[in-house]
Amino acid sequence: MEEEYIEVIKKMPYVHCARGSSRCVKCQEFAKKPETYALVKVFLTPSEYARPMTDIIINNERIYGAYDILKRFKDIIEAKNYAKEQNIDITFY
Ligand SMILES: [Zn+2]
């Protein structure tokens, strides 16, 4: 079965792995970095691996899925420009 996914731009924290900062030292380090806007690939089909999850809104419905960060933007302007060029939704929440 082909994996279904959607690409969005949203503000994302730095996440090391699915264990989280209470159980992983690397996650604690990553959690100190400020969130930045990123191009995120959110998988709509469940993953067989434990991966960090994020939520996105599609047709007014909140959906949770595993994700990969494809690209980070240095600021909101760069993120907005990319969104316009590539016709990708940008989320401000
Ligand atoms: Zn970790």
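Which residues make up the largest nonpolar core? In this predicted model, that core has nine residues: I9, Y37, A38, L39, V40, V42, A66, Y67 and A79. Strand β2 (36–43) and strand β4 (61–72) each put in at least two of them, and β2 gives the largest share, with five residues. As a general point, nonpolar side chains in soluble globular proteins tend to be buried together.

Stepping back to the overall picture, the protein has two helices and five strands. Read from the N terminus, the elements come in the order β-α-β-β-β-α-β. Along the principal axes, the C-alpha atoms fill a box of roughly 40 × 35 × 20 Å. The radius of gyration is 14 Å, and a compact globule with 93 residues would have one near 12 Å, so the protein agrees with that expectation. Buried residues account for 13% of the 93 residues. As for how the chain contacts itself, take the contacts with a separation of 6 or more: 61% of these involve residues 24 or more positions apart.

Confidence comes next. The average pLDDT of the protein is 90, and 98% of the residues score at least 70. Broken down by element, α2 has the highest mean pLDDT, at 97, while β3 has the lowest, at 87.

Now for the sheet. The five strands form an open sheet with mixed pairing, in the order β3-β4-β2-β1-β5. At its edges sit β3 (53–58) and β5 (89–90), each of which pairs on one side only. In general, strands of a sheet pair through backbone hydrogen bonds, in either a parallel or an antiparallel sense. Here, β2 and β4 are antiparallel and share five bridges; in one of the pairings to β4, A38 has R72 as its bridge partner. A38 is also one of the core residues listed above. On the other side of the pairing scheme, β3 and β4 run antiparallel as well, joined by six bridges. D55 finds its bridge partner in β4 too, namely Y64.

The link from β3 to β4 is a hairpin with two residues between the strands. In that turn, N59 has a positive phi of about 50 degrees. N60 also has a positive phi, near 65 degrees, despite not being a glycine. N60 lies in the loop between β3 and β4 and counts as exposed because it has just 5 C-beta neighbours inside 10 Å. A further case of positive phi turns up at N87, another residue other than glycine, with a value near 55 degrees. This time the loop is the one between α2 and β5. N87 has 6 C-beta neighbours inside 10 Å and therefore counts as exposed.

Two core residues are worth following through their contacts. V42, a member of the nonpolar core, touches quite a spread of the chain: leaving aside neighbours within four places in sequence, V42 is in contact with Y5, I6, V8, T54, I56, G65 and Y67. Of these partners, Y67 is itself listed in the core.

A66 is the other one. Is A66 buried or exposed? A66 has 20 other C-beta atoms within 10 Å, and since 20 or more is the cut-off for burial, this residue is buried. A66 is placed in strand β4. With neighbours within four places again left out, A66 is in contact with F43, S47, R51 and M53. As for Y49, the C-alpha atoms of A66 and Y49 are 9.2 Å apart, with the two residues 17 apart in sequence.

For contrast, there is K84, which is placed in helix α2 (residues 76–86). K84 has 10 C-beta neighbours inside 10 Å, so K84 counts as exposed, the limit being 12 or fewer. K84 and R72 are twelve residues apart along the chain, and 16 Å separates their C-alpha atoms. R72, for its part, is the β4 residue that bridges to A38.

Terms used:
Residues are numbered from 1 along each chain as its sequence is written. This is a predicted model: local features need pLDDT of at least 70, side-chain atom pairs count only at pLDDT 80 or more; totals for chains, interfaces and linings use all residues. A nonpolar core is a set of buried Ala, Val, Leu, Ile, Met, Phe, Trp, Tyr and Cys residues joined through C-beta atoms within 7 Å. Helices (H or I, at least four residues) and strands (E, at least two) are DSSP runs, numbered from the N terminus. Two residues are in contact if their C-beta atoms, placed from the backbone, lie within 7 Å. Two strands pair if DSSP finds at least two bridges between them. The radius of gyration is taken over C-alpha atoms; the globule rule is 2.2 Å times the number of residues to the power 0.38. pLDDT is the predictor's confidence in each residue, from 0 to 100.
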